[in-house]
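Student: I'd like a close look at just one part of this molecule, please. Take it slowly, and tell me how you get from one step to the next.

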Amino acid sequence: MLFFVVFLLICFAGYRSSQENKRFKEAYDAFLEENEGSEFFCYTNRELFCSFIEEKLIPNLEGDIFIVKLEGKVPKSEFDEKFMSYSLCRLRNVGFPNVMKIVNGQFIDHSIHNEIYNAINNEKFDEVQTIVQNALLKIRGACKNA
């Protein structure tokens, strides 16, 4: 009898979990659809470069690019934290900063980690904006080929 009760509880928990996953996936798909074509710039709160990015780079980005700041593993933006976290876990080009765009219901991305940090470390600050713009052009070009 105890075995049967435990079995039923496990089945119920599994069913409930699958229903929650289904609801999340539906909401996430709606998020992607509502934001189709949106572009994102994501960076970390890494102390050494964070202030440079916030003071020199972000103010010069195009106004329609959404900013996502990773504070540890928590994405801070105007979007639902769960959706952004789910998206960031599925990046193909891991490394931050990263530029991303929603295309055909999925995120495409391009890491500019190495280029940005090499430019900053070598005090080539004037190159940083160009690196970001080239990365944005790259993901925009990938959209045309998708």
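Tutor: Let's begin with a rule: two strands pair if DSSP finds at least two bridges between them. Keep in mind that this is a predicted model. Strand E4 (residues 98-103) and strand E5 run antiparallel, with six bridges joining them, so they pass that cut-off of at least two. To see one of those partnerships, find methionine 100: its bridge partner in E5 is aspartate 109. Two residues sit between E4 and E5, and the strands form a hairpin. In the turn you'll find asparagine 104, whose phi is positive, at about 50 degrees.

Now stay with E5, which covers residues 106-111. Five of its six residues are buried, so this strand is mostly covered, given that buried means under 20% relative accessible area.

From here, hop over to the rings. Phe107 belongs to a cluster linked by ring pairs, together with Phe24, Tyr28, Phe31, Phe40, Phe66, Phe79, Phe83 and Tyr86. The whole structure holds 15 aromatic pairs. Let's zoom in on two of them.

Take phenylalanine 24 and phenylalanine 83: their ring centres are 5.5 Å apart and their planes meet at 50 degrees, so we call the pair tilted. Phenylalanine 24 is in helix H1 (residues 2-34) while phenylalanine 83 is in helix H3 (residues 81-88), so this pair ties together parts 59 residues apart in sequence. Phenylalanine 24 has 24% relative accessibility and counts as partly exposed, whereas phenylalanine 83, at 13%, is buried.

Next come phenylalanine 31 and phenylalanine 79, with ring centres 5.5 Å apart and planes at 75 degrees, so this pair is edge-to-face. The cut-off behind that label is an angle over 60 degrees. Phenylalanine 31 also lies in H1, but phenylalanine 79 sits in the loop between strand E3 (74-76) and H3, so here the parts being tied together are 48 residues apart in sequence. Phenylalanine 31 counts as buried at 4% relative accessibility, and so does phenylalanine 79 at 13%.

One last stop in the cluster is Tyr86. The charged end of arginine 90 sits over the ring of tyrosine 86, 3.5 Å from its centre. You can look for a similar arrangement at tyrosine 117, where arginine 46 lies over the face of the ring, 4.7 Å from the ring centre.

Conventions:
Residues are numbered from 1 along each chain as its sequence is written. This is a predicted model: local features need pLDDT of at least 70, side-chain atom pairs count only at pLDDT 80 or more; totals for chains, interfaces and linings use all residues. Side-chain values use heavy atoms; hydrogens and water are left out. Rings of Phe, Tyr and Trp (its six-membered ring) pair if their centres lie within 6.5 Å; planes under 30 degrees apart count as stacked, over 60 as edge-to-face and the rest as tilted. Helices (H or I, at least four residues) and strands (E, at least two) are DSSP runs, numbered from the N terminus. Buried means under 20% relative accessible area, exposed over 50%, partly exposed in between (1.4 Å probe, protein chains only). A charge sits over a ring if NZ of Lys or CZ of Arg is within 6 Å of the ring centre and within 35 degrees of the ring normal.
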